[in-house]
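Trainee: Got a minute to walk me through this one? I'd like the fold and a few odd spots.
Mentor: Sure, let's pull it up.

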Amino acid sequence: MTALTTPPPLLEAHGLSKVYGGFAAVGGVDLSVRAATVHALIGPNGAGKTTLFRLLTGEVRPTAGRVLLDGTDIGGRRPHVIARRGMTQTFQITSLFRQLTPLESVQLAMLATAGHAGRLWGRAATAHRDDALGLLDRVGLADFALAQSGALSHGDQRALEIALALATRPRLLLMDEPTAGMSPPETERVVQLVSGLVHAEGLTVVLSEHDVDVVFGVSDTVTVLHQGRVIASGSPAAVRADHRVATVYLGEGG
Ligand SMILES: Nc1ncnc2c1ncn2[C@@H]1O[C@H](COP(=O)(O)OP(=O)(O)OP(=O)(O)O)[C@@H](O)[C@H]1O
Ligand SMILES: [Mg+2]
């Protein structure tokens, strides 16, 4: 049986729902994310993408359904416990990080991950310096390692956010609209960065993105949400050819 030789999905959702006052923001979603792939969640405004992300990361408790990471039910676990199992997400840079250099920021994230948060400041100047420089190089920020993070361009700040997430050494990275507010070239850069990490390092990425052309270009699997439900899921070509997708989503822009 070929099914026995296929590795299990890294992340799964079964019958996942979130009901707010009788309204199902997410209504019975099944999802299967294979390791070392880019899996996109797309859908019109209000389709339930952000709610689904928050269910997957444990920020929001499901009304029903289960989330499995590596076959283990992570339902009800706190986000930091889930993070220790290798799943993380990108966060917007906080005001603290905006005052640091990208190098300092990544060093701090690495120190915190290694469990030395109480002794951060004394050691930050030297700790993990080479690793941090290497990581900044991988996300295209080598030339800005000593700049002030808050002064970076929008695209460079998103790249730094990805570096900070990667500093925790995740296997699975969740990104809800990582390219929001970016110019097309900045979007292209971030998307190429992410897909490069997937292919070179075996990272697994789940992302949402409004630019459908970008999604189809970079994703291995695309899941389309509409009114809280999955209406199509598969390869970009299969999803592109699905008439329901064209009707509820792709047709919108003409
Ligand atoms: N905390 C909440 N309480 C009540 N309703 C909510 C809550 N969070 C989300 N919703 C509703 O659930 C639906 C899905 O919202 P969600 O933000 O998940 O959509 P989305 O696909 O991320 O949309 P967008 O493309 O605009 O980011 C929307 O109708 C929204 O108003
Ligand atoms: Mg959203």
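**A buried valine, then the rest**

Mentor: Start at Val245, which is buried, with a relative accessible area of 0%. Keep in mind that this is a predicted model.

Trainee: Which helix is Val245 found in?
Mentor: Val245 belongs to helix α12, residues 243-248.

Trainee: And how far apart are Val245 and Leu136 in space?
Mentor: They are 38 Å apart, C-alpha to C-alpha. In sequence, 109 residues separate Val245 from Leu136.

Trainee: Zoom out for me. How many helices and strands are there in the chain?
Mentor: The chain has 12 helices and 10 strands. Its radius of gyration is 19 Å, close to the 18 Å that the globule rule gives for 254 residues, so the chain is as compact as a globular protein of that length.

Trainee: What does the C-alpha trace span along its principal axes?
Mentor: About 55 × 45 × 40 Å. Buried residues account for 48% of the 254 residues.

Trainee: What about the contacts in the chain with a separation of 6 or more?
Mentor: Of those, 66% are between residues 24 or more positions apart.

Trainee: OK, helices. Why is α8 described as largely enclosed?
Mentor: Because 12 of its 13 residues are buried, α8 is largely enclosed by the rest of the structure. The cut-off for buried is under 20% relative accessible area. The buried set includes Gly155, Asp156, Arg158, Glu161 and Leu164.

Trainee: What covers the buried residues of α8?
Mentor: The cover includes strands β6 (87-89) and β7 (172-176). It also includes helices α4 (95-99), α5, α7 and α9 (184-201).

Trainee: How far does α8 reach from its first C-alpha to its last?
Mentor: Helix α8, residues 154-166, reaches 19 Å. That is close to the 18 Å expected at 1.5 Å a residue.

Trainee: Pick one residue in α8 for me.
Mentor: Take Leu166, which sits in that helix. At 10% relative accessibility, Leu166 counts as buried.

Trainee: What is Leu166 in contact with, leaving aside its neighbours within four places in sequence?
Mentor: Leu135, Arg138, Val139, Leu173, Leu197 and Leu203. For a distance, Leu166 and Ile93 lie 14 Å apart C-alpha to C-alpha, with their positions 73 residues apart in sequence.

Trainee: You listed β6 in the cover. Anything to see there?
Mentor: Look at Thr88, which is in strand β6. Thr88 is buried, at a relative accessible area of 12%. Not counting residues up to four places away in sequence, Thr88 touches Ala165, Thr168, Pro170, Leu172, Leu173 and Leu174.

Trainee: And α5 with α7? At what angle do they pack?
Mentor: Helix α5 (residues 102-113) and helix α7 (residues 129-138) pack at about 115°. Their axes are 9 Å apart. The crossing of α5 past α7 is right-handed.

Trainee: Which residues meet there?
Mentor: From α5, Pro102, Leu103, Val106, Gln107 and Met110. From α7, Arg129, Asp131, Ala132, Leu133, Leu135 and Leu136. The contact of α5 with α7 divides into eight nonpolar residues, one polar and two charged.

Trainee: Switching to α2. How many of its nine residues are buried?
Mentor: Seven of the nine residues of α2 (residues 49-57) are buried, so α2 is largely enclosed by the rest of the structure. Those buried are Lys49, Thr51, Leu52, Phe53, Leu55, Leu56 and Thr57. Just after α2, Gly58 takes a positive phi of about 85°.

Trainee: Last topic: backbone oddities. What is the usual sign of phi?
Mentor: Most residues other than glycine have a negative phi. Ala36 is not a glycine, yet its phi is positive, about 60°.

Trainee: Where is Ala36?
Mentor: In the loop between β2 (23-33) and β3 (38-42). At 33% relative accessibility, Ala36 counts as partly exposed.

Trainee: What about Gln227?
Mentor: Gln227 has a positive phi too, of about 50°, although it is not a glycine. Gln227 lies in the loop between β9 (221-226) and β10 (229-234).

Trainee: Is Gln227 buried or exposed?
Mentor: At 62% relative accessibility, Gln227 counts as exposed.

Notes:
Residues are numbered from 1 along each chain as its sequence is written. Chains are lettered from A and ligands numbered from 1 in the order in which they are written. This is a predicted model: local features need pLDDT of at least 70, side-chain atom pairs count only at pLDDT 80 or more; totals for chains, interfaces and linings use all residues. Side-chain values use heavy atoms; hydrogens and water are left out. Axes are lines fitted to C-alpha atoms, for helices over the stretch in contact, and angles run from 0 to 180 degrees between N-to-C directions. Helices (H or I, at least four residues) and strands (E, at least two) are DSSP runs, numbered from the N terminus. A crossing is left-handed if the near helix is turned anticlockwise from the far one by less than a right angle, and right-handed if clockwise. Contact means heavy atoms within 4.5 Å. Ala, Val, Leu, Ile, Met, Phe, Trp, Tyr, Cys and Pro count as nonpolar, Asp, Glu, Lys and Arg as charged, and the others, Gly among them, as polar. The expected span of a helix is 1.5 Å times one less than its number of residues. Buried means under 20% relative accessible area, exposed over 50%, partly exposed in between (1.4 Å probe, protein chains only). The radius of gyration is taken over C-alpha atoms; the globule rule is 2.2 Å times the number of residues to the power 0.38.
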